[in-house]
Structures are given as C-alpha cells and as structure tokens.
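Reader: I should like to go through this model term by term, asking in each case what justifies the word that is used. Please begin wherever you like.

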Amino acid sequence: MPEQKPWDETTGSGAISGAGAGGTMDLAMDEGVTLEKTPGGPEGTGPTGKPRSLWSDAWRDLRRNPVFIISGLVILFLVIISIWPSLIADQDPLNCDLAKAQEGSQPGHPFGFDGQGCDVYTRTVYGARTSVAVGVLSTLGVSLLGGVLGGLAGFFGGTWDAVLSRITDVFFGIPVVLGGLVFLSVVTSSTVWPVIGFIVLLGWPQIARIARGSVITAKQNDYVQAARALGASNSRMMLRHITPNAIAPVIVVATIALGTYISLEATLSFLGVGLKPPAVSWGIDISAASQYIRNAPHMLLWPAGALAITVLAFIMLGDAVRDALDPKLR
C-alpha cells in the first residue's frame, strides 16, 4: 500500500483544513478590504453608510431635474432684480414725458413708452419687486397661519378640529375675486400690505386642510406611538416627530400657490382694487394698456409677458418639488 501523508496539500483532510480556519479568515479579510474600498454604502444609504433622508433624496433628484434648474434660475433672476432693480434699469419708473406717449422702441428704451410717456422697460423691471414681494410675503403668512391652525387641529382633533373644519368651509365658500372687490374697495392705501392681508385671510384654509391631513397621517406612525408611550410631551412629539414628516405637502402646495398669489395681485390691480398709482405693478400697467391694445400693443405685451413667465416659473418649481418629495412617484 502506498504511504499516505498526514497533511496532503491537494486531497484528504489537508484540503479540508485549508478551507477551514485559514480559508475563512482569508475570505473575511478579502471582504473587509472590498468594503473599505467601496465609495458608497448599500442602496438607500449615503457615502458614509448612513441612511438617506427624504430631504437628501429630494435634493439629489432636484439637482438632476432640468425643470427645477430652469425655473430656479428664472426665480433667482427675479429676486435679484426685485431687490436691486437699478442693476438693469437706470431710470425712474415715475419719470414720464407725455410727448413720447405710446411711442415704440427707441435707443435706450427697448420696450417703448406707455400712455403717460413712461418707459415700459423700467416699469416692467420695477414691477417685479411688487409681484415678488406680494407672492413671497403672502405665501409666508398663509403657510404660517394655515400650517399652525391645521396642524393643531389634526393633532388634537375633537372639538378644535370640528370648529376649524366648519370655519374653513365658510372661507372656501367666498369667491376670491368677489371678496377682493368687497374687502379692498374700502382701502385707500397704495401699499402692498392690504393686498397681502387679504390673500392671507382667504388663502390660509387651503394650507390648513393640507396640514391637518398630513399631521393626522403622521401621528398614526409607529415612531409617534412609541414616543407617546415613552412619555414624550405633546410639544416634543409635534416639533420633533410629526412636523418634519408632515411639512412636505405644505411646502409643495405653498410653492405652487405662490404663483397663484402673484396672478391674484395682478388681477385685483387690473380691476382697480389692488395696488393703486403711484405704485408700480404689472397689473396696473396691464389695466392702463388694455385701452391702447390696438394702437400700441407693446404697452400690454411686456408686462403681461413678465407676469406670465413669473407665474409659470413658480408653478414649474412647485411641480418639481412635488415630484421630488412625493415617495409614491419614486
């Protein structure tokens, strides 16, 4: 019989031993090196291996969305010229010359002149300040008032929820334009604050309903029930656990509504109950140009075009934010 080696390198127990302790250790070391060289963690985690949040995923999607980029650049440009209109318009929007009334484009006046001889280009640029201010401040007021009231109603429920629901039903029954005609017709101020106050007064019920439904959904999650069982206070549960997970729908609706508020201000100014001269507004310029549309269409074209682009940019931004924050669309 041939002599059998006790530790054969190719057969027998030697092979089993080699695949045992030593082989397992080598495999574990190889896997450890591979994991260390991997730049990112498993799917659903960031580069450091930590789980990605809804906001980080949303920001990643927004940066890849051309609609968000285009609308964001347009809105950034509008905000800049709203704060510093003199960067691109070096004339006074109230400096008018009747001798040039309704004249077309000229050197230094690319948009021509309106019925009072004012430079249409300068008034279009300065009109962005009014529209952006009304839209942003109205959205902040509506979101704050509606979000707080709706969130409290959804969290506590009971009588508070029933009373708020009936109040919102009453406000939803008021036509916006008709309410503006009645409310603003008695206001003599030419500033933006009466218009902002009116928009907040009639706009908060929509945000309140969105916030109420979102809070009701969020407070039924297991982590909220666990925090309640551990003795967390109502304020802690609302601020730490519910609000961060219920605010996304409010942000989406508010972003889309911002463009609507800008168009509402222009509509009320067009009807003569919103902003009033000497304030500079696209709605005022459109109203003044409507009677000269046949003889001088440029007076209507530029402010109306600026208004349409602004409203469209905010609506597109809201759609992009909605697509990024809605988990059902992933």
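Author: In this predicted model, the buried residues of helix H6 (residues 176-184) are Gly179, Gly180 and Leu184; they cover an arc of only 105° around the axis, so they lie on the same side of H6. The arc is that of the directions from the helix axis to the C-beta atoms, and buried means under 20% relative accessible area, with exposed over 50% and partly exposed in between (1.4 Å probe, protein chains only).

Reader: What covers the buried residues of H6?

Author: The cover includes helix H7 (193-218) and helix H10 (248-270), where contact means heavy atoms within 4.5 Å.

Reader: On what footing do the numbering and the values stand?

Author: Residues are numbered from 1 along each chain as its sequence is written, and side-chain values use heavy atoms, with hydrogens and water left out. As this is a predicted model, local features need pLDDT of at least 70 and side-chain atom pairs count only at pLDDT 80 or more, whereas totals for chains, interfaces and linings use all residues.

Reader: How many helices and strands does the secondary structure of the protein come to?

Author: The protein has twelve helices and zero strands, where helices (H or I, at least four residues) and strands (E, at least two) are DSSP runs, numbered from the N terminus. Of the 330 residues of the protein, 38% count as buried.

Reader: What makes Cys96 and Cys118 a disulfide, and why is the disulfide called right-handed?

Author: The S to S distance between Cys96 and Cys118 is 1.6 Å, and a disulfide is a pair of cysteine sulfur atoms within 2.5 Å, so the pair qualifies. The torsion about the S-S bond of Cys96 and Cys118 is about 70°, and the disulfide is therefore right-handed. Both cysteines lie in the loop between H3 and helix H4 (120-156), 22 residues apart, and the pair links distant parts of the chain. The structure holds one disulfide.

Reader: Which of the words buried, partly exposed and exposed apply to Cys96 and to Cys118?

Author: Cys118 has a relative accessible area of 4%, and because this is under the limit for the term, Cys118 is buried. Cys96, at 33% relative accessibility, falls between the two limits and therefore counts as partly exposed.

Reader: What makes the group around Leu76 a nonpolar surface patch?

Author: Patches are made of residues with over 30% relative accessible area and no salt bridge (a side-chain nitrogen of Lys or Arg within 4 Å of a carboxyl oxygen of Asp or Glu); like charges are joined within 9 Å, and nonpolar side chains (Val, Leu, Ile, Met, Phe, Trp, Tyr) within 5 Å. Here the patch is of about 930 Å² and is made by Ile69, Leu73, Leu76, Phe77, Val79, Ile80, Ile83, Trp84, Leu87 and Ile88, of which Leu76 is found in helix H3 (residues 66-83).

Reader: What is notable about the backbone at Gln102 and at the peptide bond from Pro277 to Pro278?

Author: Most residues other than glycine have a negative phi, and most peptide bonds are trans. Gln102, which is not a glycine, has a positive phi of about 65°; this residue is found in the loop between H3 and H4 and, at 30% relative accessibility, counts as partly exposed. The peptide bond from Pro277 to Pro278 is cis, with omega near 10°, and Pro278 has its place in the loop between H10 and helix H11 (282-289).

How values were computed: Areas by Shrake-Rupley, 256 points an atom, 1.4 Å probe, with all protein chains shown as cover.
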